Amino acid sequence: PKHTPPGTTFPPTFSVSEIKNKQRRHQMFMKLKQEKRKQKMQLKKKRRKEREALGDKAPPKEVPKTIENQRVFDETTVDPEDEEIAFDEGTDEFSAYFNGLTNPKVLITTSDRPRGRVVKFCEQLATVIPNAHVYYRRGLALKRIIPQCIARDFTYLIVINQDRQTPNGLVLCHLPDGPTAHFKVSSVRLQKELKRRGKAPTEHSPEVILNNFSTRLGHTIGRLFAALFPQNPQFVGRQVATFHNQRDFIFFRFHRYIFKNEKKVGIQELGPRFTLKLRSLQKGTFDSKYGEFEWVLKRHEMDACRRKFQL
């Protein structure tokens, strides 16, 4: 099709990829794309006019299919009203915190000799979590740190691992009895790297939002995050820490809000922001050699079906 007259339509079997000339091929591809967009807009206008004509009798809008709403049912999905769940919550490792017997006290440390963004990430994480203390590690084994933490009444140990001076892993260990979760960390944005960020966080205890932790495993991870923060948020600070689970990726965001009027709310992101992916959940405190693992990510088995999620 070297000398194709303008306005010529090709037979339905024709493929744009058959055109050898690169510029001509790109031109035809853009033309086809434009035609498709035009048809789509016309169909949209037609449907809107039909809906307006029918008024209240118009059929409900179709819900678009997404991976989330096509999710394969998981038999471990939790019903919060279930008696068994209520019993588990009353007797698990976090029960002392949820019953108000202990207050969170968090130690944030790093892999050996941290540098670059890892140091800043730890400092900014300490502004988000109240009563958090940052100590940099110099060759001390994690198994030796845990008894020292328990002796000083720490309820959590957070270890930030690094690769090329960037955070790439997070170990979250609940003390004194566990469990220990290991996460992969990605998409880290520090406060200075955020556009239109708000002023630095204040020392008020934030409100905590946990979204979509629906299975038994997700429920445990949700409680693990909730126990990091004091139970009595100080609403004066208007700060919110959000852990949003979507397709087994946990997105963390930290915001400040303000009520503009009865209907409108303005929000500012304070940072930092990052994404977590659960690698393993271990009973008890950190023990990589003899630890009993409740759950371990087996990528090629678990990710075979895109519509099945673990959390």
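How far apart do the end C-alpha atoms of residues 104-287 lie? In this predicted model, they are 22 Å apart. The legends below take you through the structure one close-up at a time.

**Figure 1. Residues 104-287, the span that carries a domain annotation.** An unreviewed UniProt entry gives these residues the annotation "domain: Brix". Strand makes up 40% of the span and helix 18%. The end C-alpha atoms, those of the span's two end residues, are 22 Å from each other.

**Figure 2. Helix α6, a mostly covered helix.** This helix runs through residues 216-226, and eight of its eleven residues are buried. Look for Leu217, Gly218, Ile221 and Gly222, which belong to the buried set. Arg223, Leu224, Phe225 and Ala226 are buried too. Arginine 216, at the start of the helix range, is instead partly exposed, with 32% relative accessibility.

**Figure 3. The largest nonpolar core and one of its best-connected members, isoleucine 221.** Forty-three residues form this core, and Phe183, Ile221 and Phe225 have the most contacts inside it. Which helix gives the most to the core? Helix α4 (residues 117-128) does, with five residues. Now zoom in on isoleucine 221: leaving out residues up to four places away in sequence, this residue touches Ala181, Phe183, Phe213, Ile250, Leu278, Leu281 and Leu311. A second core of eleven residues is separate, and Leu142, Ile145, Val159 and Val171 are among its members.

**Figure 4. Glutamine 191, a buried residue in a loop.** The loop in this view connects β5 (180-189) and β6 (207-211). Is glutamine 191 buried or exposed? Glutamine 191 counts as buried because its relative accessibility is 15%, and the cut-off for buried is under 20%. Among the residues it touches, beyond those up to four places away in sequence, are Gln124, Thr127 and Arg197. Pro201, Leu270, Gly271 and Pro272 are also in touch with glutamine 191.

**Figure 5. Two residues of the loop between β1 and α4, one buried and one exposed.** Serine 111 and arginine 113 both sit in this loop. Serine 111 is buried, at 15% relative accessible area. Apart from neighbours within four places in sequence, serine 111 contacts Arg137, Val159, Ile160, Asn161 and Gln162. Arginine 113, by contrast, is exposed, with a relative accessible area of 52%.

**Figure 6. Backbone features to look for in three loops.** Most residues other than glycine have a negative phi, and most peptide bonds are trans. Arginine 113 has a positive phi, near 50°. Asparagine 131 also has a positive phi, near 55°; this residue is in the loop between α4 and β2 (132-134) and is partly exposed at 43%. What kind of peptide bond joins leucine 175 and proline 176? The bond is cis, with omega about 0°. Proline 176 belongs to the loop between β4 (166-174) and β5.

**Figure 7. A nonpolar patch on the surface.** Three residues, Phe259, Val265 and Ile267, make this patch of about 330 Å². Phenylalanine 259 is part of strand β8 (residues 249-259). With a relative accessible area of 57%, phenylalanine 259 is exposed.

**Figure 8. Salt bridges, including two that tie together parts far along the sequence from each other.** The count of salt bridges comes to six. In one of them, arginine 247 pairs with glutamate 68, and their closest N and O atoms are 2.8 Å apart. Arginine 247 is in the loop between β7 (239-246) and β8, while glutamate 68 is in the loop between α1 (22-54) and α2 (83-91), so this pair ties together parts that are 179 residues apart in sequence. Aspartate 88 and arginine 216 form another salt bridge, at 2.3 Å from N to O. Aspartate 88 lies in helix α2 and arginine 216 in helix α6, so here the tied parts are 128 residues apart in sequence. Aspartate 88 is partly exposed, at 26%. Look too for lysine 283 and glutamate 292, whose side chains meet at 3.8 Å, N to O. Lysine 283 is partly exposed, with 40% relative accessibility.

Definitions and conventions:
Residues are numbered from 1 along each chain as its sequence is written. This is a predicted model: local features need pLDDT of at least 70, side-chain atom pairs count only at pLDDT 80 or more; totals for chains, interfaces and linings use all residues. Side-chain values use heavy atoms; hydrogens and water are left out. UniProt positions are given in the numbering used here, feature names are shortened, and annotations may be inferred rather than shown by experiment. Helices (H or I, at least four residues) and strands (E, at least two) are DSSP runs, numbered from the N terminus. Buried means under 20% relative accessible area, exposed over 50%, partly exposed in between (1.4 Å probe, protein chains only). A nonpolar core is a set of buried Ala, Val, Leu, Ile, Met, Phe, Trp, Tyr and Cys residues joined through side-chain atoms within 4.5 Å. Contact means heavy atoms within 4.5 Å. Patches are made of residues with over 30% relative accessible area and no salt bridge: like charges are joined within 9 Å, nonpolar side chains (Val, Leu, Ile, Met, Phe, Trp, Tyr) within 5 Å. Accessible areas come from the Shrake-Rupley method with a 1.4 Å probe; for residues, only the protein chains shown count as cover. A salt bridge is a side-chain nitrogen of Lys or Arg within 4 Å of a carboxyl oxygen of Asp or Glu.
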